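Q: Please take a close look at one part of this model, and explain how the residues there are arranged. A first-year student should be able to follow the description.

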Amino acid sequence: MPATFNTALPSVNGLCLQHCSKCGHINYPVRELCGKCLGDSLVWQNVDGGGTVQSVTALHYPLEQNFSAQLPWRIASVKLDVGPVAFAHLQPDSVCGARITLSIAQDEAGNNVLVAKGDKDSASEWLSAIKYTEIRT
Amino acid sequence: MSQPASYSGIALVTPVSLGYSKVSEHSAGWFIGSVLREMIDAAGIGKADVDGLAVSSFSLAPDSVSFLAQHYDMTLRWLEQLPFGGASGVLAMRRAARAVQCGDADIVACIGGDTSQAGSFRDLVANFSSFSNSASYPYGSGGPNAAFAMITQRYMDKTGATREDFGQLAVSQRYNAQHYSPALLGDKPLSMDDYLAAREIASPVHLYDCVMPCCGGEGFLLMSTQRAEDLGLDYVSILAADERHNAFPDDPVQLRGGWPLFSDQLYASAGIGVDSIDLLQTYDDYPVISMLQLEGLGFCKPGEAADFVRSNALTFDGGGLPHNTSGGQLSGGQAGAAAGYLGLVESIRQLTDSAVDNQVANARHAMVSGYGMINYDRGLCSAAAILKRGGS
Ligand SMILES: [Zn+2]
């Protein structure tokens, strides 16, 4: 049975993260209280998706079966200019140290996920390859 | 900042490791209770003499340590459950030591135990934490391999460490495991060529960088040195111990745990230097994490662990720095939360001369390190202890 997961990200163009209207901190991963001031006034806000690839891995053995069609699958750890570090699906031609733009896209199962795109425009083909397990209902 | 008070007067006794296999029909409670039985027998005490119980387990739910008191028909006056993964053993020891020093308990059993079935590792990983469920697992469902592959890649880029350097750890631990019969992979020799030829799991992590999930139990009894001497038990003393959680949160990739925040004070409290450490047990969920412990605990400078493992023998009988002398998790298997007790239990064996074929000669001091709980992109718990052979 596929695992349940929930990125809790909204469906938007570009990148939208939780902004604290009390202290201004931008939070990720998604949470209920601001990680800096512990206030509960987090609001979704469009933010600059610019960032730098810190590290990359190519996964050969995902734990979920549904991912097995396009292996190895590359993901990155990205340090966003606005602060947080995020894991994201990585466009194939991007490497460690590269400047990328992080945005929210829908995978094949309709989940909102983070994708890291480099300069080159190979994104559309790659985005359609992002599969993930269905959300169990 | 205040510093931990002395751990004087505390004895660690009766190291027990049991039940290692890939899968089991037994529950976690079987592993934990079996360790308890073996420890009581080894100490020559009755079950009623144990009045404190500290337990770590990923597979005990829906039961908890309080339910175990009824399972095992024990009336206890001190309980602790420690969900700290690979840091659990050192943390259990620290808390139990304070309980005994303060009179809250006389004899505490500290036990890590987990069962394992087909698919149980994936079930654990898929719902390990809210952060990992929302921000890690959806990106290819790599589990810990994904997070640690990215730490390993960044470490290699930053320091120039190579796969051969990680292989030094894996190969020497396999040698140690060949001299420790419970180690699950102890009957399979591993050469550097074997290590380098292994298949890639999550670049740059290959097969022999990964632990094999399994089941098993580890434990020790903690009591006063007076009680240990009255019982005629060989024991180990705690010279110093400390822990940090979520250290250096602004590092974009975890290239150091919490150890640099307390290792100088740890040696100062112990009254010995790093040169007096006769054996080291690191938490080796991946070789790169052992490298971070070598650096964070002062065995070498930050970023220089690759050079250290190239120039120091790491086998139990190599005359260098005996490291993960029972094979660690890489060659012994990762028995869930019991893996967080493995290095501590092995150190107690070594410092009481109760290791069998892998005994380190003339060992007086051991360093035990713990690391655990990947919430998302890094392990949050770091701990370490310096132990000393008991008696004069
Ligand atoms: Zn805030």
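A: In this predicted model, B:M367 touches B:L266, B:Y267, B:I277, B:L279, B:L280, B:Q281, B:L297, B:F299, B:A384, B:A385 and B:I386, leaving aside residues up to four places away in sequence. B:M367 and B:F299 are among the residues with the most contacts inside the largest nonpolar core, which has 85 residues. The others in that group are A:Y28, A:L102, A:L114, B:Y155 and B:L294. The greatest contribution to this core comes from helix 6 of chain B (residues 144-159), which supplies eight residues. Another core, of 38 residues, lies apart from it and includes B:L82, B:F220, B:F316 and B:L351. In soluble globular proteins, nonpolar side chains tend to be buried together.

Chain A, to which A:Y28 belongs, also supplies the protein donors of the zinc ion: the SG atoms of A:C20, A:C23, A:C34 and A:C37, lying 2.3 Å from the ion. Along the sequence these donor residues follow the spacing C-x2-C-x10-C-x2-C. The site is tetrahedral, with angles of 103 to 114° among its four donor atoms. A:C34 counts as buried because its relative accessibility is 1%, whereas A:C37, at 26%, is partly exposed.

Chain A further holds an open sheet of three strands in the order 2-1-3, with antiparallel pairing. Strand 2 (26-27) and strand 3 (42-47) of chain A each have a single partner strand, so one side of each lacks a neighbour in the sheet. Strand 1 of chain A (residues 15-20) is joined to strand 3 of chain A by six bridges; in one of the pairs, A:L15 has A:V47 as its bridge partner.

Key: Residues numbered from 1 in each chain as written. Chains lettered and ligands numbered in written order. Predicted model: local features only at pLDDT ≥ 70, side-chain atom pairs only at ≥ 80, totals over all residues. Heavy atoms only, no water. Donors = N, O, S within 2.8 Å, 3.2 Å for Na, K, Ca; no water. Tetrahedral: all angles 85-135°; square planar, octahedral: opposite > 155°, others 65-115°. Buried < 20%, exposed > 50% of the residue type's maximum accessible area, 1.4 Å probe, protein only. Core = buried A, V, L, I, M, F, W, Y, C linked by side-chain atoms within 4.5 Å. Helix = DSSP H or I, 4+ residues; strand = E, 2+ residues; numbered from the N terminus. Contact = heavy atoms within 4.5 Å. Pairing = 2+ DSSP bridges.
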